[in-house]
Amino acid sequence: QMAVSDPNQRFCPACGAWAATTNCPSDGTFTVLLKKYAAGTEIRPGDIVGERYKVVQPLGEGGYSSVFAAQHVITGQEVAIKVLKAAWPGPDEQAVRRFYREARVTAGLSHPNTVRVFDVGQTEAGAFWLAMELLHGPSLEQRLQERANGKPPDRVGPGEVLTQAECIEFAIPALRSLHEAHG
């Protein structure tokens with residue numbers, strides 16, 4: 001295993017091999033650099049990601065990644081940009097492999113309830129990103145909070161936020177998408 005600090009070595013996110021070339025000699029996958037982020041290189045509104053997506057605004061954040069609304073600079077297509085958070089002192093090899101595997105697997109899915117993946121790459125600063133379909137409308141979390149803070153419909157029982165029928169309405173499409181992904 002090569003040291004992340006070796007500037008001549010690149011990492012294959014598909015097989016985990018190290019190489020001095022831009023394509024993996026084993027499988028042809030485009031190789032990436034594993035480097036720590038320099039201070040001030042976090043993605044912000046107005047930044048251009050992958051030379052083609054202009055970041056508009058943050059959408060959400062988790063322990064693994066951050067998501068931003070963005071727009072293709074030529075076509076105007078709205079997308080969501082998911083950015084893998086860097087770990088100190090640099091990105092973890094396994095996290096990068098999982099991130100690229102997610103991009104590859106998700107890009108191959110076609111179920112209407114699965115978010116489509118369009119593109120994947122790495123910024124000059126070293127951040128790993130993927131461009132996905134941007135969904136509009138409230139999240140399930142937002143719907144649940146609205147219900148919890150407001151008066152739920154008469155058919156919801158004590159302590160419940162959604163009716164059984166509403167739960168099924170949300171769950172079945174999500175399960176159909178998961179079924180395709182697990183297949």
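**Exercise 1. In what order do the elements of the protein run from the N terminus on?**

Solution. Start at the N terminus of this predicted model and walk along the chain. You should read off β-β-β-β-β-β-α-β-β-α-α. Now tally by type: the protein has three helices and eight strands.

**Exercise 2. Work out what share of the residues counts as buried, and what the exposed surface is made of.**

Solution. Take burial first. The protein has 183 residues, and 33% of them count as buried. Then turn to the outside: about 11400 Å² is exposed, with 53% of that supplied by carbon and sulfur atoms.

**Exercise 3. Among contacts between residues at least 6 apart in sequence, what percentage joins residues at least 24 apart?**

Solution. Set aside the pairs that fall short of the 6-residue separation, then pick out those at least 24 apart: they make up 40% of the contacts that remain. For a pair to look at, try A95 and Y64, which sit 31 residues apart along the chain and touch each other.

**Exercise 4. Place A95 in the fold, decide whether A95 is buried or exposed, and find its partners.**

Solution. Step one is the element: A95 belongs to helix α1, which spans residues 93–107. Step two is accessibility. The cut-off for buried is under 20% relative accessible area, so A95, at 13%, counts as buried. Step three is the neighbours. Leave out residues up to four places away in sequence, and A95 touches Y64 and L84. Finally, check the backbone spacing to Y64: the two C-alpha atoms are 8.8 Å apart.

**Exercise 5. Where is I74 found, does I74 count as buried or exposed, and which patch includes I74?**

Solution. Find the loop between β5 (65–72) and β6 (78–84); I74 is there. Next, apply the cut-off: exposed means over 50% relative accessible area, so I74 counts as exposed because its value is 73%. Last, look around on the surface. I74 forms a nonpolar patch with I48 and V73, and together the three have about 310 Å² of accessible area.

**Exercise 6. Describe the largest pocket: its volume, its lining and the elements that supply the lining.**

Solution. Begin with the volume, about 940 Å³. Then go to the walls: 26 residues line the largest pocket, and V115, L135, P138, S139 and L140 lie nearest its centre. Now sort the lining by element. At least two residues come from each of α1, β8 (128–133), α2 (140–149) and α3 (164–182). To finish, ask who gives the largest share: that's α3, with five residues.

Technical notes. Residues numbered from 1 in each chain as written. Predicted model: local features only at pLDDT ≥ 70, side-chain atom pairs only at ≥ 80, totals over all residues. Heavy atoms only, no water. Helix = DSSP H or I, 4+ residues; strand = E, 2+ residues; numbered from the N terminus. Buried < 20%, exposed > 50% of the residue type's maximum accessible area, 1.4 Å probe, protein only. Contact = heavy atoms within 4.5 Å. Patch = residues over 30% accessible without salt bridge, like charges linked within 9 Å, V, L, I, M, F, W, Y side chains within 5 Å. Areas by Shrake-Rupley, 256 points an atom, 1.4 Å probe, with all protein chains shown as cover. Salt bridge = Lys/Arg side-chain N within 4 Å of Asp/Glu carboxyl O. 1 Å grid on protein atoms, 1.4 Å probe; cavity = no way out; pocket = protein on both sides within 12 Å on 5 of 7 lines; lining within 4 Å. Points joined across faces, edges and corners; volume = space filled by probe spheres on them.
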